[in-house]
Amino acid sequence: MNYPAVLIGRLGVSSDFRGKGLNIGSQILSFIKDWFRADNKTGCRFIVVDAYNNDRTIHFYERNGFKTLYKTEQEERNFLKLKEEEPLETRFMFFDLKK
C-alpha cells in the first residue's frame with residue numbers, strides 16, 4: 001500500500017546554535033508538522049526522513065514523534081538487501097500527520 005508523503009531531505013542546525021538549549025531542530029520540525037497539518041495543504045499523510053544511523057540522530061527524531069519503519073536494523077538491512085559487511089548508514093523514519 002502506498003501513502004503520500006513529504007520527504008525532509010536534510011535537516012541541520014549550525015554548530016553555532018547546537019546544544020545551547022534553543023531546540024532549534026525541534027522547533028523546525030514542529031513548524032513543518034503544523035504547516036502540513038493546517039488545511040491539509042498537500043494531501044500528504046506522512047513526513048519521512050532517512051535519518052543518519054546513530055543514536056543521537058535517531059533519538060532526536062524519536063523525541064519529535066518519528067518512528068522507524070522497520071522494528072530492527074536487521075529487518076531494514078534485509079529489505080535493502082545489504083551484504084553483512086555493508087553498513088546501514090541511514091534509518092527510514094516517519095511521522096504520521098493524522099495523529
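N23 is found in the loop between strand 1 (5-8) and helix 1. In this predicted model, N23 has a positive phi of about 55 degrees although it is not a glycine. Most residues other than glycine have a negative phi. The chain around this loop holds 3 helices and 4 strands, and from the N terminus on its elements run β-α-β-α-β-α-β.

**Loop residues**

- N23 counts as exposed because its relative accessible area of 51% is over 50%.
- K81 also has a positive phi, near 55 degrees, in a residue other than glycine.
- The place of K81 is the loop between helix 3 (73-80) and strand 4, and with a relative accessible area of 70% K81 is exposed.
- A further loop, between helix 1 and strand 2, contains N40.
- N40 has a relative accessible area of 44% and is therefore partly exposed.
- From N40 to H59 the sequence separation is 19 residues, and the C-alpha atoms of the two lie 28 Å apart in space.

**The chain as a whole**

- The C-alpha trace spans about 40 × 40 × 20 Å along its principal axes.
- The chain has 99 residues, of which 30% count as buried.
- Its accessible surface comes to about 7200 Å², and 52% of this surface belongs to carbon and sulfur atoms.
- When contacts between residues at least 6 apart in sequence are taken, 68% of them join residues at least 24 apart.
- The chain carries 17 positive and 14 negative charges, and the mean positions of the two sets are 6 Å apart.

**Helix 1 and its contacts**

- S26 belongs to helix 1, which covers residues 24-37.
- The relative accessibility of S26 is 18%, and S26 counts as buried because this value is under 20%.
- Leaving aside residues up to four places away in sequence, S26 touches F60 and N64.
- F60, one of these two contacts of S26, is buried as well, with a relative accessible area of 17%.

**Aromatic residues**

- The structure holds 7 aromatic pairs.
- In the pair of F60 and Y61, the ring centres are 5.0 Å apart and the planes stand at 75 degrees, so this pair is edge-to-face.
- Y61 is buried, with a relative accessible area of 7%.
- F60 and Y61 form one aromatic cluster together with F66 and F95.
- F95, a member of that cluster, has the charged end of K33 over its ring, 4.4 Å from the ring centre.
- The charged end of R45 is placed over the ring of Y3, at 5.8 Å from its centre.

**Strand 2: F46**

- F46 lies in strand 2, which covers residues 46-52.
- At 15% relative accessibility, F46 counts as buried.
- Apart from residues up to four places away in sequence, F46 touches Y3, P4, A5, V6, F94, F95, D96 and L97.
- Two of these contacts, Y3 and F95, are also rings with a charge over them: R45 sits over Y3, and K33 sits over F95.
- F46 and K98 are 52 residues apart in sequence, with 8.1 Å between their C-alpha atoms.

**Strand 4: F94**

- F94 is found in strand 4, which covers residues 90-96.
- The relative accessibility of F94 is 21%, so F94 counts as partly exposed and does not fall under the 20% cut-off for buried residues.
- With residues up to four places away in sequence left out, F94 touches F46, I47, V48, G65, F66, K67, T68 and L69.
- Among these contacts, F46 is part of strand 2, and F66 is a member of the aromatic cluster.
- F94 and Y61 are separated by 33 residues in sequence and by 9.0 Å in space, C-alpha to C-alpha.

Conventions: Residues numbered from 1 in each chain as written. Predicted model: local features only at pLDDT ≥ 70, side-chain atom pairs only at ≥ 80, totals over all residues. Heavy atoms only, no water. Helix = DSSP H or I, 4+ residues; strand = E, 2+ residues; numbered from the N terminus. Buried < 20%, exposed > 50% of the residue type's maximum accessible area, 1.4 Å probe, protein only. Contact = heavy atoms within 4.5 Å. Phe/Tyr/Trp six-rings, centres within 6.5 Å; stacked < 30°, edge-to-face > 60°. Lys NZ or Arg CZ within 6 Å of the ring centre and 35° of its normal. Areas by Shrake-Rupley, 256 points an atom, 1.4 Å probe, with all protein chains shown as cover. Lys, Arg positive; Asp, Glu negative; His and termini not counted. Charge placed at Lys NZ, Arg CZ, Asp CG, Glu CD.
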